[in-house]
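Colleague: Please take me closely through one part of this model, the middle of the sheet, and then work outward to what surrounds it.

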Amino acid sequence: MSSLQAATALLEQSLRTRRTLLGRTRTGVTRESLARLSQTPAAQTSEISNPKSEMPRSARLVALNEAVRACRQCENLAASRTQTVFGTGNPQADLMFVGEAPGADEDKQGEPFVGRAGELLTRIIGAMGLSRGDVYIANVLKCRPDMEPGAPGNRPPAILEMQRCLPYLREQIAIIQPRVLVALGKTAMTGLTGADQSMSTLRGRWLTFENIPLLPTYHPSYLLRNGSNVEKRKVWEDMMLVMEKLGMPISEKQRGFFLSAS
Ligand code: SF4
């Protein structure tokens, strides 16, 4: 079954489920809108996350991933990407991390946060007593922002690119239903909420996204650039806020991480 056929099949099943549960109802989804799915997947996949769907979360994520893989709304990014980078982790996760966009490593491997910043994120998750398989990790943008040929590094995503791609992340969040979201870095925060304050202003204070508690904190690459214990401690204090919100135990040893000034 092709990607869009899978997404369409899910939509049709969702409609059948709704009709069964609710009788004749105005869903706003018609055969015409199902047909349009093949043309504009981001705008037409909202039924995949229908909470009444009988499909398991993993299957809905697979269908959404297929729609993302077929997406060519940003022509330049679709032309330059090696592959889309959908997300990874536990479909039932209580905790979801959101970054800004894939870089070169992620574009190559098809998984978010696999470079040096990803290794540091994995260590942060481990310090919380969790593994990458316990949480879910995704980016606002599903394609690597394109670069001039031969240009080194990565560029941050443009606002318009993030606005185009955000519906996919919304769907992921709606399917996974995490209890807590963590936004990694200012660009991810801007992409999620439109906030443009500095991360030093935003971090460590609870906000909400789609009624889910959202905590902004520094991107791990910031800690790679500024690795002082003072900055590491700020991120760690944010992670302890997350642990408290999730009702996770925090040991005395964990409470003491990064307390020395150097
Ligand atoms: S960045 Fe998002 S909206 Fe743009 S082409 Fe990739 S998947 Fe589609």
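Modeller: In this predicted model, the side chains of strand E4 leave the strand in two directions: Val-180, Val-182 and Leu-184 point one way, Leu-181 and Ala-183 point the other way, and all are buried. In a regular strand the side chains alternate between the two faces of the sheet. E4 covers residues 180-184, and five of its five residues are buried, so the strand is largely enclosed by the rest of the structure.

The neighbours of E4 within the sheet are E2 and E6. E2 runs parallel to E4, and four bridges join the two. One pair across this boundary is Val-98 opposite Ala-183. E4 also pairs with E6 in the parallel sense, again over four bridges. Here Leu-181 stands opposite Leu-214 of E6, and Ala-183 stands opposite Pro-216 of E6.

Ala-183 therefore deserves a separate look, because E4, the strand that holds it, has five of five residues buried. Leaving aside residues up to four places away in sequence, Ala-183 touches Val-98, Ala-188, Met-189, Leu-192, Leu-214 and Pro-216. Among these contacts, Val-98 is also the residue opposite Ala-183 on the E2 side, and Pro-216 is the residue opposite it on the E6 side.

The sheet as a whole is open and has six strands, in the order E1-E3-E2-E4-E6-E5, with mixed pairing. E1 and E5 (207-209) stand at the edges with a single partner strand each, so one side of each has no neighbour in the sheet.

Going from E4 towards the E1 edge, E2 (residues 95-99) comes next to E3, and these two pair in the parallel sense over four bridges. Phe-97 stands opposite Ile-137 of E3 on this boundary. E3 spans residues 136-139 and is covered on both faces: Tyr-136 and Ala-138 on one side, and Ile-137 and Asn-139 on the other, are all buried. Beyond E3 lies the edge strand E1, residues 88-89, which runs antiparallel to E3 and is joined to it by two bridges. Gly-89 stands opposite Tyr-136 there.

Going from E4 towards the other edge, E6 (residues 212-217) is joined to E5 by three bridges, and this pair is antiparallel. Leu-207 has Leu-214 of E6 as its bridge partner, and Thr-208 has Pro-213. Leu-214 thus appears on both sides of E6, since it also stands opposite Leu-181 of E4. E5 and E6 form a hairpin with two residues between them, and Glu-210 in the turn has a positive phi of about 55°.

Just before E5, Gly-204 sits in the loop between helix H10 (199-202) and that strand. Gly-204 has 16 C-beta neighbours inside 10 Å and so counts as partly exposed. Its C-alpha atom is 5.3 Å from that of Asp-238, although the two residues are 34 apart along the chain. Not counting residues up to four places away in sequence, Gly-204 touches Lys-234, Glu-237, Asp-238 and Leu-241.

The central strands also enter the largest nonpolar core. This core has 54 residues, and the members that touch the most others are Met-96, Phe-97, Val-98, Val-135, Val-140, Val-182 and Ala-183. Helix H8 gives the largest share of the core, seven residues. Domain 1 (1-70) and domain 2 (78-255) both contribute residues, so the core lies between them. In soluble globular proteins, nonpolar side chains tend to be buried together.

H8 has a part in the ligand site as well. The ligand is surrounded by 15 residues, and the closest are Cys-71, Cys-74, Lys-142, Cys-143 and Cys-165. The elements that give two or more residues to this shell are helix H5 (75-80) and helix H8 (159-176). Of these, H8 gives the largest share, three residues. By type, the shell divides into nine nonpolar, two polar and four charged residues.

For the setting of all this, the chain has 13 helices and six strands. Of its 262 residues, 40% count as buried. Among contacts between residues at least 6 apart in sequence, 74% join residues at least 24 apart.

Methods:
Residues are numbered from 1 along each chain as its sequence is written. This is a predicted model: local features need pLDDT of at least 70, side-chain atom pairs count only at pLDDT 80 or more; totals for chains, interfaces and linings use all residues. A residue is near a molecule or strand if its C-beta atom, placed from the backbone, lies within 6 Å of it. Ala, Val, Leu, Ile, Met, Phe, Trp, Tyr, Cys and Pro count as nonpolar, Asp, Glu, Lys and Arg as charged, and the others, Gly among them, as polar. A residue is buried if 20 or more other C-beta atoms lie within 10 Å of its own, exposed if 12 or fewer, and partly exposed in between; C-beta atoms are placed from the backbone. Two strands pair if DSSP finds at least two bridges between them. A nonpolar core is a set of buried Ala, Val, Leu, Ile, Met, Phe, Trp, Tyr and Cys residues joined through C-beta atoms within 7 Å. Domain bounds come from an automatic or database domain assignment. Two residues are in contact if their C-beta atoms, placed from the backbone, lie within 7 Å.
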